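Reader: Hi! I am new to protein structures and would like to go through this one step by step. Could you show it to me and explain the words as we go?

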Amino acid sequence: MSSYGGIDLGGTKIQAVIVDEDHSVLGQARRPTPIDGGPKDVAGEMAQALRDAAKAAELEPAALKGIGVGSPGTIAGGDVSSARNLPGWEGTFALAAALESALEAEGIAIEIGNDVQVATDAEFSLGAGRPYDSLLGVFWGTGVGGGMILDGKSWAGRGGAGEIGHMVVELDGARCTCGRRGCMEAYAGRAAMEEHARKLHEKGRHTDLFELMKERERTRLTSGIWERALHHDDELAIEIIERAIRALGAGIASAVNLLDVEAVIIGGGLGVRLGHPYAKRIAKAMQPHLFANSRPPDVHIASLGDLGGAIGASLLLRSVA
Ligand SMILES: [Zn+2]
């Protein structure tokens, strides 16, 4: 039976899986994404994550039929350009070639796709999106990414579609990490939420968020820390999450008004961590903004969870199967 590798290259972690022809996970491993260095260092860690996953599956990387990669940035063949959120990756880097040599697996098939789109494809083919012909994947994490399936097919536009995080939810609103104003991500992206929390905390607002971060020896407010603060009824955390949900409601509803998809699948670190009750809250926040409000789309949490991106990446190899 043939096996495939899948690597999800995220801003905070690299997730690798080994799957069989039926997409069952045979082994998995994760490593933190390097915070400094450059693309070469990132490729090295990706290769290591894949080797670890292969070891867990009791396979040699060279025995794989191929490896799929879900990457941020602009993808052209085996090259990846301007992968924001990754160290020193402003230019173009031959990622497929670097992986091939780091893995010492000469001639192995390597396919690279957009990280958010492959995660959406995975939910559509194998996860919460299976019953539908059209859906919108919303990945609520460091940023807010989007992927679309229309009429059973991925829609990438001219290569830049799905940037739902940069839907404008407030004219002249909060400054976004993209440099523009009022984007949904400026309210709902975990990076922006952290910056907002830090500012308010410095101005004297009480919160346990940063204490929890120190306790857990983290350098960022991870999804787990937000969840913990919400459990402890941390007022500032609740306020910032509510603000994020309002922005998600407006942004996602606007996208639904345009596309009229059957379902919205919420994934990403925060989405998966906060889970079903928050999918319900997002659905409720969408309601006042929906034009066809008598038949809202179904809203689900991504059922493949944290592994969706890596499994989706392995699906890129379907064409060589
Ligand atoms: Zn933006």
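Author: Happy to, and here is a definition to begin with: helices (H or I, at least four residues) and strands (E, at least two) are DSSP runs, numbered from the N terminus. This is a predicted model, in which local features need pLDDT of at least 70 and side-chain atom pairs count only at pLDDT 80 or more, while totals for chains, interfaces and linings use all residues. Residues are numbered from 1 along each chain as its sequence is written, and side-chain values use heavy atoms, leaving out hydrogens and water.

Reader: At what angle to strand 7 does helix 2 run?

Author: Axes are lines fitted to C-alpha atoms, for helices over the stretch in contact (heavy atoms within 4.5 Å). Angles run from 0 to 180 degrees between N-to-C directions. Helix 2, residues 95-102, lies across strand 6 and strand 7, and its angle to strand 7 is about 35°.

Reader: Which strands stand at the edges of the open sheet?

Author: Two strands pair if DSSP finds at least two bridges between them. The open sheet has three strands in the order 5-6-7, with antiparallel pairing. One side of each edge strand is left without a neighbour in the sheet because each has a single partner strand; these are strand 5 (74-76) and strand 7 (92-94).

Reader: In strand 6, what is the bridge partner of Thr-74?

Author: Strand 5 and strand 6 (residues 79-81) run antiparallel and are joined by three bridges. In strand 6, the partner of Thr-74 is Ser-81.

Reader: How many residues of strand 1 are buried?

Author: Buried means under 20% relative accessible area, exposed over 50%, and partly exposed in between (1.4 Å probe, protein chains only). Ser-3, Gly-5, Ile-7 and Leu-9 point one way from strand 1, while Tyr-4, Gly-6 and Asp-8 point the other way, and all are buried. Strand 1 (residues 3-9) is largely enclosed by the rest of the structure, because the buried residues number seven of the seven.

Reader: Which residue of strand 4 stands opposite Gly-5?

Author: Strand 1 runs antiparallel to strand 2 (residues 13-20), with seven bridges, and there Gly-5 stands opposite Ile-18. With strand 4 (residues 66-71), strand 1 runs parallel and has five bridges. In strand 4, the residue opposite Gly-5 is Ile-67.

Reader: What geometry does the site of the zinc ion have?

Author: Donors are N, O and S atoms within 2.8 Å of the metal (3.2 Å for Na, K and Ca); water is not among the atoms, so sites may look incomplete. Here the protein donors are His-166 (ND1), Cys-176 (SG), Cys-178 (SG) and Cys-183 (SG), at 2.0 to 2.4 Å from the zinc ion. Four donors count as tetrahedral if all angles lie between 85 and 135 degrees. The angles among the four donor atoms are 103 to 114°, and the site is tetrahedral.

Reader: Which helix gives the most to the largest nonpolar core?

Author: A nonpolar core is a set of buried Ala, Val, Leu, Ile, Met, Phe, Trp, Tyr and Cys residues joined through side-chain atoms within 4.5 Å. The largest has 49 residues, and Ile-252 and Trp-140 are among those with the most contacts inside it. With twelve residues, the one that gives the most is helix 8.

Reader: Is Glu-58 buried or exposed?

Author: Most residues other than glycine have a negative phi. Phi of Glu-58 is near 60°, a positive value, and Glu-58 is found in the loop between helix 1 (39-56) and strand 4. Its relative accessible area is 73%, so Glu-58 is exposed.

Notes:
Tetrahedral: all angles 85-135°; square planar, octahedral: opposite > 155°, others 65-115°.
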